[in-house]
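Reader: I should be grateful for a close examination of the metal site in this structure. Please describe the surroundings of that site as well, so that I may place it within the chain.

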Amino acid sequence: ARSAQAAGLSSTEVAQVTRLLEKKLDFRRDTRRGDEFQVLLESDIIDGSSFDSRVLAIQYTGARMDLTILRNSADNNFYTPDGHSLDPAFSRYPFEGSYRMSSGFNPRRTHPVTGRVSPHRGTDWAMPIGTPIVAPADGRVEKVSNHPLAGRYVVIRHDNGYSTRYLHLSRALVNRGDRVSMGERIALSGNTGRSTGPHLHYEVIVNNTAVDAMRVELPESQSLEGEVLVAFQREAEPLLAALRSGQAGPVVAQASAGSNSEDD
Ligand SMILES: [Zn+2]
């Protein structure tokens with residue numbers, strides 16, 4: 001991050017750029033010393049000082065990976081030059097932050113309470129009671145109920161034959177029939193039903209079959225198409241030309257560009 005700041009980006013701009021690049025780049029895995037990136041900014045100049053600078057485009061040129069992303073003024077989201085969204089349509093985890101996975105998907109597991117072989121059709125994370133659980137994708141609440149084993153639980157139906165289930169909750173924050181958006185809080189984790197300690201049991205079901213939530217291929221994000229794509233690409237042309245001409249001035253990544261060691 002220091003190198004980027006030295007090249008004239010403010011710390012807020014560095015944070016903006018980092019947040020965007022992180023959606024596609026793993027800073028530890030994909031970046032190398034000597035990688036370069038260019039940032040096109042738009043800012044209002046008032047009395048010689050710039051305010052409200054906004055990132056318009058970023059081009060990352062690396063030994064391991066190249067990435068160009070551009071703002072689409074129609075929706076203010078970022079896309080690759082061919083119109084692919086940076087945001088997944090379905091998150092891997094139904095919560096923010098990171099928690100210890102206490103039990104993975106395992107069709108041949110020995111049950112921790114009964115000692116018998118019983119399949120574990122979900123993924124468990126140990127987390128304090130009351131941890132917010134969020135919808136990993138848009139959907140509709142199919143069920144909010146109680147069960148002697150599952151405890152308080154919620155089922156959400158998503159597009160493309162996907163459903164998700166959340167067990168052992170302390171509280172549901174949604175009702176049957178509610179529409180939920182990706183990232184919206186749907187429940188608080190708990191320790192209800194047959195449970196060995198406070199945790200979330202999370203299941204992803206595809207076409208009525210429970211799958212490994214950590215490995216299943218998740219639905220791809222929406223891409224721009226048709227006239228919307230044409231308009232975006234027309235708008236992107238001068239930005240790409242500016243990046244190609246080096247007008248933005250390259251920023252050379254040092255050890256790692258904008259990495260944040262407090263992550264994970
Ligand atoms: Zn479980």
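Author: What follows treats the metal site and then the parts of the chain around it.

The model is a predicted one. The protein comprises four helices and 16 strands, and 42% of its 264 residues are buried. Among contacts with a separation of 6 or more, 62% are between residues 24 or more positions apart. The accessible surface amounts to about 14,700 Å², with carbon and sulfur atoms accounting for 45% of that area.

The metal is a zinc ion, and its protein donors are His120 through NE2, Asp124 through OD, entered twice, and His201 through ND1. These donors lie 2.0 to 2.6 Å from the zinc ion. What is the geometry of the site? The angles among the four donor atoms run from 56 to 155 degrees, and the site is irregular. A tetrahedral assignment would require all angles to lie between 85 and 135 degrees, so the range of 56 to 155 degrees does not meet that condition. Water is not among the atoms, so the site may look incomplete.

Along the sequence, the donor residues follow the spacing H-x3-D-x76-H. Asp124 belongs to strand β6 (residues 123–126) and His201 to strand β14 (residues 199–206), so this pair ties together parts of the chain that are 77 residues apart in sequence. Both of these donor residues are buried: Asp124 has a relative accessible area of 8%, and His201 has a relative accessibility of 7%.

Phe105 offers a further view of the surroundings of Asp124. Phe105 sits in the loop between β5 and β6 and is partly exposed, at 25% relative accessibility. In sequence Phe105 and Asp124 are 19 residues apart, while their C-alpha atoms are 8.3 Å apart in space. Not counting residues up to four places away in sequence, Phe105 touches the zinc donor His120, together with Arg121, Gly122 and Thr123. Phe105 also touches Ala210, Val211 and Asp212.

Strand β6, which holds Asp124, also holds Trp125. Trp125 is buried, with a relative accessible area of 1%. Trp125 and Tyr93 form an edge-to-face aromatic pair, with 5.9 Å from centre to centre and 65 degrees between the planes. This pair links distant parts of the chain, since Tyr93 lies in the loop between β4 and β5, 32 residues from Trp125. Tyr93 itself is partly exposed, with a relative accessible area of 39%. The rings of Phe95 and Tyr99 make another edge-to-face pair, because their centres are 5.3 Å apart and their planes are at 80 degrees. Of these two residues, Phe95 is buried at 6% relative accessibility, whereas Tyr99 is partly exposed at 29%. Ring pairs join Tyr93, Phe95, Tyr99, Trp125, Tyr166 and Tyr202 into a cluster.

The loop between β4 (77–79) and β5 (100–103), which carries Tyr93, also contains Ser85. Ser85 is buried, at 11% relative accessibility. Leaving aside neighbours within four places in sequence, Ser85 is in contact with Lys24, Phe78, Tyr79, Ser221 and Gln222.

Tyr166 and Tyr202 lead from the aromatic cluster to the largest nonpolar core. That core has 27 residues, and those touching the most other members are Ile133, Val154, Tyr166, Ile186, Leu200, Tyr202 and Val204. Strands β9 (151–157), β10 (162–169), β13 (185–188) and β14 each contribute at least two residues to this core. Which strand gives the most to this core? The strand is β14, with four residues. Strand β14 therefore holds the zinc donor His201 and also supplies residues to this core. Another core lies apart from this one and has 16 residues, including Leu21, Phe27, Tyr60 and Ile69.

A loop elsewhere in the chain completes the description. Asp138 occupies the loop between β7 (132–134) and β8 (139–147). Asp138 and Asp159 are 21 residues apart in sequence, and their C-alpha atoms are 7.9 Å apart in space. With neighbours within four places in sequence left aside, Asp138 is in contact with His158, Val180, Ser181 and Met182.

Notes. Residues numbered from 1 in each chain as written. Predicted model: local features only at pLDDT ≥ 70, side-chain atom pairs only at ≥ 80, totals over all residues. Heavy atoms only, no water. Buried < 20%, exposed > 50% of the residue type's maximum accessible area, 1.4 Å probe, protein only. Contact = heavy atoms within 4.5 Å. Areas by Shrake-Rupley, 256 points an atom, 1.4 Å probe, with all protein chains shown as cover. Donors = N, O, S within 2.8 Å, 3.2 Å for Na, K, Ca; no water. Tetrahedral: all angles 85-135°; square planar, octahedral: opposite > 155°, others 65-115°. Core = buried A, V, L, I, M, F, W, Y, C linked by side-chain atoms within 4.5 Å. Phe/Tyr/Trp six-rings, centres within 6.5 Å; stacked < 30°, edge-to-face > 60°.
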